[in-house]
Amino acid sequence: MSVPARSALGRRDFLATTAGVTLAAAALPGCAASVDDGSGSGTKKGASTLTVMAKDEDKKTIQAAEQVLGVKITYLAFDQTKLNAMLASKNPPDVVRGFGALDTPYFAARGLMADLDPYFAESSVLKTSDLDPVNDLWRFDGEKQGAGPRYGMTKDYSQDAMFWYRTDMFDAAKLDHPSDTEPLSYDEWLDLGKRLVKRRLGKVKVYGLSAGPGTLPQFMNMTASAGGKLFADDLASVDFSSPEAMKGLSWYLEYAKANIGPSPANPNPDGWDWPTYQAGRMAIAGDGYWFGGSIGGDPKTAEVSRFAPAPQMGGHRISPTFGATGYWIPTGAKNKDAAWKFFEWYFAGQPAKDRASSGWGIPTLKSLRSLMPQAQPFQKQSYAVQQRELPYFQMMTVTPYAQATALDAVINKVLPGAVRSGTSVGKVADALNSQMNEAIAAGKELVG
């Protein structure tokens, strides 16, 4: 699922957030500890309580796990500040929801994520040979994602730069439908948005294009498609001033200034794309495969909805995920064995099969891909487009020295004023570099 926009923070709060779990960083070694095998203090055999921190959308499923697993489950609503505090006090939940694409380097570098390789090695249910490559975002070897121990698993995912569009609006505007096979350029995508927007008395009545809230992964994606990298090789700094990053930043500023869709400078009053798209007030929704879960529940919208490949900023075709939402087990969890049983049930049992058949995301076990829905015409079309897109999946490594939420807060702080004042792209890049690198430097000093 796409990563939502975050609210801006003040400078003091921002630096505190980037420091994250300061006490834990000082108390724990730089590399993550292995999962306790049951003989040490990390796992209590026969423990009857499992604490799971998750989003409300998963609450009923988690509660259902009590009967299946035979344990008492304490549900905690996900809260980043509360999680950081629990980790710092060495009293974390047993299972935590998170974003593999964004959280893994930060928490793994601080020794706060349990190494799950021993569990995967012994599991007859979750085999590494059956794991979709997206699960490698939960691996971190101290320098990059995709290598080293596995610290978590993705529940389902999308290649989030792909988009949905309404054929009725394209037809009314006498515009050709986007190709099912060849990606648009970002400039072509923007031009479509400008042609499809509808205004009345100077106010937008129908968004032509929702290109996303301007998060860190989006800028990483555009920079990579242009042939560059947003983070330095050592992940200790960002550079929005490189030609490739400037290309993506310039594009997004033009999109936001054109006021053809939601942006940090002018957020969608509906809060997210679906209500607007469903109501016929959005022609193009920059959302991945997961968005089809909503579309499938509304026959009228489904009839006019189609899916398209991710637009490209340059010659390097890339189609990443921005979240890889899933779960991980903290090093300090008191009941790791029960937490792993939850993993096996949640990621390979009935909940996983239900998710796979719902259209709310691509299953992360390759053996479950056959369950992806194809009953409706729009599902057949989106399934075919999605299958052709899979080879262009690419991993993007984020810094381990600052939480992505804090770096997104910088973007949300800088962009609105820049859009309204017409600040040059060079000055915007300088502001992002200065504030993000200050936060990254502070975090690096803590990790060592």
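## A walk through the helices

Start with the whole chain on screen: its secondary structure comes to 18 helices and 14 strands. Keep in mind that this is a predicted model.

Stay with the full chain for a moment and colour it by burial. Of its 448 residues, 58% count as buried. Now switch on the surface. The accessible surface comes to about 17700 Å², and 51% of that belongs to carbon and sulfur atoms. If you draw contacts between residues at least 6 apart in sequence, you'll find that 76% of them join residues at least 24 apart.

Next, select residues 186–196, which is helix α8, together with residues 243–258, which is helix α10. Two packed helices are described by the angle between their axes and the distance between the axes. Here the axes come within 11 Å and cross at roughly 0°. Angles under 35 degrees count as roughly parallel, so α8 and α10 are roughly parallel to each other.

Which residues make the contact? Show side chains for Tyr-186, Asp-187, Trp-189, Leu-190 and Lys-194 on α8, then for Trp-251, Glu-254, Tyr-255 and Ala-258 on α10. Sorted by class, this contact has six nonpolar residues, three charged ones and no polar ones.

For the last stop, select residues 425–447, helix α18. This helix has 23 residues and reaches 32 Å from its first C-alpha to its last, close to the 33 Å expected at 1.5 Å a residue. Which residues of α18 are buried? Pick out Val-428, Ala-429, Leu-432, Asn-433, Met-436, Ala-439, Ile-440 and Gly-443: those are the buried residues of α18.

Definitions and conventions: Residues are numbered from 1 along each chain as its sequence is written. This is a predicted model: local features need pLDDT of at least 70, side-chain atom pairs count only at pLDDT 80 or more; totals for chains, interfaces and linings use all residues. Side-chain values use heavy atoms; hydrogens and water are left out. Axes are lines fitted to C-alpha atoms, for helices over the stretch in contact, and angles run from 0 to 180 degrees between N-to-C directions. Helices (H or I, at least four residues) and strands (E, at least two) are DSSP runs, numbered from the N terminus. Angles under 35 degrees count as roughly parallel, over 145 as roughly antiparallel, 65 to 115 as roughly perpendicular and the rest as oblique. Contact means heavy atoms within 4.5 Å. Ala, Val, Leu, Ile, Met, Phe, Trp, Tyr, Cys and Pro count as nonpolar, Asp, Glu, Lys and Arg as charged, and the others, Gly among them, as polar. The expected span of a helix is 1.5 Å times one less than its number of residues. Buried means under 20% relative accessible area, exposed over 50%, partly exposed in between (1.4 Å probe, protein chains only). Accessible areas come from the Shrake-Rupley method with a 1.4 Å probe; for residues, only the protein chains shown count as cover.
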